Amino acid sequence: MSIFKNERSAQGWTLALTSMASLMVALDGLVVATALGTIRVDLHASIESLQWTVNSYTLTLAVLLMAAAGLGDRLGRRRMFAVGLAIFTAASIACALATSAALLIAARAVQGVGGALVVPLALSLLSHAFPIEKKARAIGVYSGITGLAVAGGPVVGGAIAQGLDWQWIFWINVPIGIVLIPLVLSRVEESHGSDTSLDIVGALLSTGAGFGVVWGLVRGNSSGWGSAEVIGTLAAGVVLAGLFVGWEMRARVAMMPTRMFRSRSFSAGNVANFALYASLFGTVFFAAQFFQSAQGLGPMSAGIRLIAWTATLFFVAPLAGAAVERVGLRPLVVCGLFLQSVGLAWIAIIADVDLSYPALILPFIVGGAGTSMAMPAVQAAVMSSVDGANVGKASATFNMLRQLGSAVGIAVVVATFAAKGGYDTAGMFVDGFRPAIGVASAIALIGAIAGIAIPPMRRVVPEKMSTDAVVPEKEAV
């Protein structure tokens, strides 16, 4: 009986600690959104600096996710999870102390390194702690807690930026990290992965590819789209991406086995995943700024107004998850991303300096409901298309493409804004905001079209995947 109690206690600690750590990391990707206006004024930051404040974190996290997962498998997941928390906490102090945009960007990049260790290893530790019959429920609780970041991030960021100072969105991480680290080391069981090899070449190629593409998109307006810098970095990013794919096809131990992409569900689901988060984070970047720069509201008021959009996650996502058995994944992905596109297009059409908030509530709900509908369905389409032996790498691929989508989406939407508008007047902001959100809407529509390729089955049957090949999806009988 005592053994059972100890086991349950260890599982409870693992669930609580991994959920809190992941919530902290996820929240930091979103709380900055409503503080961007304050950061811009306080640090005299350009729009290019503002997007690097977000993208240096997102991009670093994205390209290091898979390498971090492999590092945990080799050196110990609990140990590297704690190291990730320590790096994240120290970088949060550096962010709070930053006196210039350049220092803030550098510290945010280091935060991304810590986050890259926390995100994949949290799920690995959770999966190791719970038996198969309890794992789904534990992951559901974990996902629900982490999902609070999407709904609460803009409000929390706005409240802190207005009630205190923007630096406190980073200071708040410090006591949490200091408490979590010793608890993780004393309460969570250590575990290692069966595959302890590291794909160093793959990690370097993917890092270079992501950085090259995002750098070119960010620098396009300021340096000129025809400049050697922009053309060179975009070309380098594309070439490195091609080399990464080629390397992964032949690597003895690939961090992203390309055979997984032979599955229609895996490939189409990840394209939809990329588009979903590109559109979402491109919108998040400007939504709070619209209320501040175009309508003169404070950060907290801006965050509160976004609740009509973000709160749909609490109501729609559980309903969408329950509806999978009845309607299948494809309708939820396609319909969800289509509604996201419609909601954003609606906002792009009606946005104006003197637009009343009630006019935004319905398009916020439509777009938010679509996002909340598509989120669980996209993840299920990807993860249910692989067998247990490949679920770790499939999860890392999904998360990497989600983070890369966020970075690329912000870069594309900001480039559109900078080409058409600016921050000099409220009118100029709206002139750039409308086409920027229109582009975010188009990206979501691309995701909806990609979702059509997900197999039309009521339940996605896990494909039997050998070490050499993937069997195409089976239609439901």
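# Terms and values in a predicted helical chain

Reader: Let's start with one residue: why does glutamine 292 count as buried?

Author: The relative accessibility of glutamine 292 is 12%. Buried means under 20% relative accessible area, exposed means over 50%, and partly exposed lies in between, with a 1.4 Å probe and protein chains only. Because 12% falls under that first limit, glutamine 292 is buried. Before we go on, this is a predicted model, in which local features need pLDDT of at least 70, side-chain atom pairs count only at pLDDT 80 or more, and totals for chains, interfaces and linings use all residues. Residues are numbered from 1 along each chain as its sequence is written, and side-chain values use heavy atoms, leaving out hydrogens and water.

Reader: Where does glutamine 292 sit, and what does it touch beyond four places in sequence?

Author: Glutamine 292 belongs to helix H11, residues 264-294. Helices here are DSSP runs of H or I with at least four residues, strands are E runs of at least two, and both are numbered from the N terminus. Contact means heavy atoms within 4.5 Å. By that test, glutamine 292 touches Thr34, Gly37, Thr38, Leu297, Gly298, Pro299 and Ala302, with residues up to four places away in sequence not counted.

Reader: Ala302 is in that list, so what makes alanine 302 buried?

Author: Its value is 0% relative accessibility, which is why alanine 302 counts as buried. Alanine 302 lies in helix H12, residues 299-305. With neighbours within four places set aside, alanine 302 is in contact with Ala288, Phe291 and Gln292. Alanine 302 and alanine 287 are 15 residues apart in sequence, and their C-alpha atoms are 8.3 Å apart.

Reader: And how do you know the class of methionine 428: buried, partly exposed or exposed?

Author: Its relative accessible area is 31%, so methionine 428 is partly exposed. Methionine 428 lies in helix H18 and, beyond four places in sequence, is in contact with Gly421 and Gly422. From C-alpha to C-alpha, methionine 428 is 9.7 Å from serine 293, although the two are 135 residues apart in sequence.

Reader: What class does leucine 401 get, and on what value?

Author: Leucine 401 has 16% relative accessibility and therefore counts as buried. Leucine 401 lies in helix H17, and its contacts beyond four places in sequence are Phe261, Asn270, Asn273 and Phe274. The C-alpha atoms of leucine 401 and alanine 278 are separated by 9.7 Å, with their positions 123 residues apart along the chain.

Reader: Where is tyrosine 423 found, and which residues does it touch?

Author: Tyrosine 423 is in the loop between helix H17 (391-420) and helix H18 (426-451). Not counting residues up to four places away, tyrosine 423 touches Arg40, Ile47, Leu50, Phe286, Gln289, Ser293, Phe417 and Phe429. Tyrosine 423 and glutamine 289 are 134 residues apart in sequence and 10.0 Å apart, C-alpha to C-alpha.

Reader: Now the helix pairs: what makes H11 and H18 roughly antiparallel?

Author: Their axes come within 8 Å and cross at roughly 165 degrees. Axes are lines fitted to C-alpha atoms, for helices over the stretch in contact, with angles from 0 to 180 degrees between N-to-C directions. Angles under 35 degrees are roughly parallel, over 145 roughly antiparallel, 65 to 115 roughly perpendicular, and the rest oblique. H11 and H18 are therefore roughly antiparallel to each other.

Reader: How do H3 and H5 compare with that scale?

Author: The axes of H3 and helix H5 (residues 101-129) come within 6 Å and cross at roughly 30 degrees. That is why H3 and H5 are roughly parallel to each other.

Reader: What about H3 and H4?

Author: Helix H3 (residues 47-75) and helix H4 (residues 77-97) pack at about 150 degrees, with axes 8 Å apart. That makes H3 roughly antiparallel to H4. The contact is made by Tyr57, Leu71, Gly72, Asp73 and Leu75 of H3 with Arg77, Arg79, Met80 and Phe88 of H4.

Reader: Finally, how many helices and strands does the chain have, and what share of its residues is buried?

Author: There are 18 helices and 0 strands, and buried residues make up 55% of the 477 residues.
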